[in-house]
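Work through the exercises below with the structure open. Each task is followed by a solution in steps.

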Amino acid sequence: MADAFYDDATVQCPYPHYAALRANDPAHRLAGEDVYLVTRHADCEAVLAQPEVFSSKAGPGLRQRELMSTAKAPLDAGYRVVRTLLTNDPPSHTRYRKLVAKAFTARRIAGLEPKIRTVVDDLVDALPAEGRVDLVRDLAQPLPLIVIADFLGVPRSDLDVFQKWSDDAAEVLGGTLTEQRSRECHQSLQELLGYFDERIAERRLQPSDDFLGLLLEARAADERPLQTEEMLAISYVTLVAGNETTVNLLSSLLLLLLRHPDQLARIRTDRSLIPAAVEEALRLEAPVQGSVRLATRDTEVAGTPVPKGSRLLVVAGAANRDPAVFTEPDRFDLDRGNSRSHLSFGKGIHFCLGAALSRLEATVALEHLLDRVERIELDPAFQPRYADNAVLRSLLSLPVDVTKARA
Ligand code: HEM
């Protein structure tokens, strides 16, 4: 029998379930699986701080282990995905991280702001002056995809196919894939890697200062340049890690504000509160509910023995509402002093490289939306629905009525 963790009611609103686990079974073993859910903030931090005991070489999303053998065939026939960042451990991870971090410096990210503003502006331009829009479809989904495509150096003309590859890649994470879908998603991955291979070949002939161009240039002192397959894996990981996650952040941020009109009104008069709102959205609705680790030896977590070879899901979504760290943890509170103690970007050696970029996107999107749209009202009958995925918290739609400000 599948664990209650996968029930639709839990996926739609996991927080009561997390609260019970945190209180009574903080390293809960999923029914029928060698997977433990770590739900207390302190335990999550402890697991993330010990990569030698809790390895990131844990394979793809939950419940995917049995599909690995079938999925391997097409992968072996084409491009290999070498371990670089998310699914890698030191010392190899350290080397890649040092190289890739050069593409995420504060200066480079801040330099993207004007571009992000233009993209948001275009998206708001496309909304009707008055009437019904879906803020997931019309804003939260397109913005991160366009930003990451620009970041990776993918032309706008390829956005549609890029969207499909990104969706398929996200589906592998945490969803329950049939064998057929698993094959399709891996086919999609092959196409994506082939596409990046061509873009890299172009940059060898014509250097550029985008992400791929930078990877080509990247060399750590006394180390070899990156091989093509390493650059492909890094590009793929950046896309997977950066797109859907930011879509989820934007969607949750907007939904939370629409459900707290008093807080939204405060932000309308004081835009300096926006970063606090973004942090609370990250805390309350972790866009990635958890990160997977593999126990490299017999160990224990929260007093529960965890045998070598078990996997763990470090549940940021649960840690972020731990009353031991956050008072009244379920409350959306712009004045909370420690929202940033959330674990939504992970912690330690794998801490999200794109954290500043996604915070910037969310801040700019909200600022601009409020500047240009004077009335946004949630459909009173709206019941949020999230994708059937225990790891990625993806709101499916956000129907609202808007009136744009006169230009
Ligand atoms: C709200 C948006 C985002 C969230 C919630 C998020 C979340 C995370 C988390 C939890 C991790 C650590 C995973 C682990 O420890 O196993 C991570 C790592 C990573 N993220 Fe993000 N991410 C977001 C946006 C982005 C963006 C926009 C990019 C790039 C453009 C990005 C690139 C990466 C990369 C490359 C890593 C791997 C770092 C490493 O392994 O050293 N992320 N992210």
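**Exercise 1. Two loop residues with unusual phi**

Task: place Ala 302 in the chain, and state its phi and its exposure.

Solution. Ala 302 sits in the loop that links strand 6 (299–301) to strand 7 (304–306). Helices (H or I, at least four residues) and strands (E, at least two) are DSSP runs, numbered from the N terminus. The model is a predicted one, in which local features need pLDDT of at least 70 and side-chain atom pairs count only at pLDDT 80 or more, while totals for chains, interfaces and linings use all residues. Residue numbers start from 1 along each chain as its sequence is written.

Next, the backbone: phi of Ala 302 is near 50°, a positive value in a residue other than glycine. Most residues other than glycine have a negative phi. Last, the surroundings: a residue is buried if 20 or more other C-beta atoms (placed from the backbone) lie within 10 Å of its own, exposed if 12 or fewer, and partly exposed in between. Ala 302 has 18 other C-beta atoms within 10 Å, so it is partly exposed.

Task: do the same for Glu 328, buried or exposed?

Solution. Glu 328 is found in the loop between helix 16 (316–319) and helix 17. Its phi is near 40°, also positive in a residue other than glycine. Glu 328 has 10 other C-beta atoms within 10 Å and is therefore exposed.

**Exercise 2. A peptide bond**

Task: what kind of peptide bond joins Pro 90 and Pro 91?

Solution. Omega is about 5°, and the bond is cis. Most peptide bonds are trans. Pro 91 belongs to the loop between helix 4 (65–77) and helix 5 (92–101).

**Exercise 3. The setting of helix 9**

Task: how many of the eleven residues of helix 9 are buried, and what do the buried residues pack against?

Solution. Eight of the eleven are buried, so helix 9 is largely enclosed by the rest of the structure. Among them are Leu 143, Ile 146, Val 147 and Phe 151. The buried residues pack against helix 7 (113–125), helix 8 (135–140), helix 10 (159–172), helix 12 (211–217), helix 13 and helix 17. Contact here requires C-beta atoms, placed from the backbone, to lie within 7 Å. After helix 9 comes Gly 153, with a positive phi near 85°.

Task: which residues form the contact between helix 9 and helix 10, and at what angle do the two pack?

Solution. Leu 145, Ile 146 and Ala 149 of helix 9 meet Leu 159, Phe 162, Gln 163 and Ser 166 of helix 10. These residues divide into five nonpolar, two polar and no charged. Ala, Val, Leu, Ile, Met, Phe, Trp, Tyr, Cys and Pro count as nonpolar, Asp, Glu, Lys and Arg as charged, and the others, Gly among them, as polar. The angle is about 105°, with the axes 11 Å apart. Helix 9 and helix 10 are therefore roughly perpendicular, a term that covers 65 to 115 degrees.

**Exercise 4. The ligand shell**

Task: which helix gives the most to the shell around the ligand?

Solution. Helix 13 does, with seven residues. Helix 9 (142–152), helix 13 (228–259) and helix 17 (355–372) each supply at least two. Of the 25 residues around the ligand, Gly 242, Gly 346, His 350, Cys 352 and Gly 354 come nearest; a residue is near if its C-beta atom, placed from the backbone, lies within 6 Å. By class, the shell has 13 nonpolar, eleven polar and one charged residues.

Definitions and conventions
Contact = placed C-beta atoms within 7 Å. Axes fitted to C-alpha atoms, helices over the stretch in contact; angles between N-to-C directions. Parallel < 35°, antiparallel > 145°, perpendicular 65-115°, else oblique.
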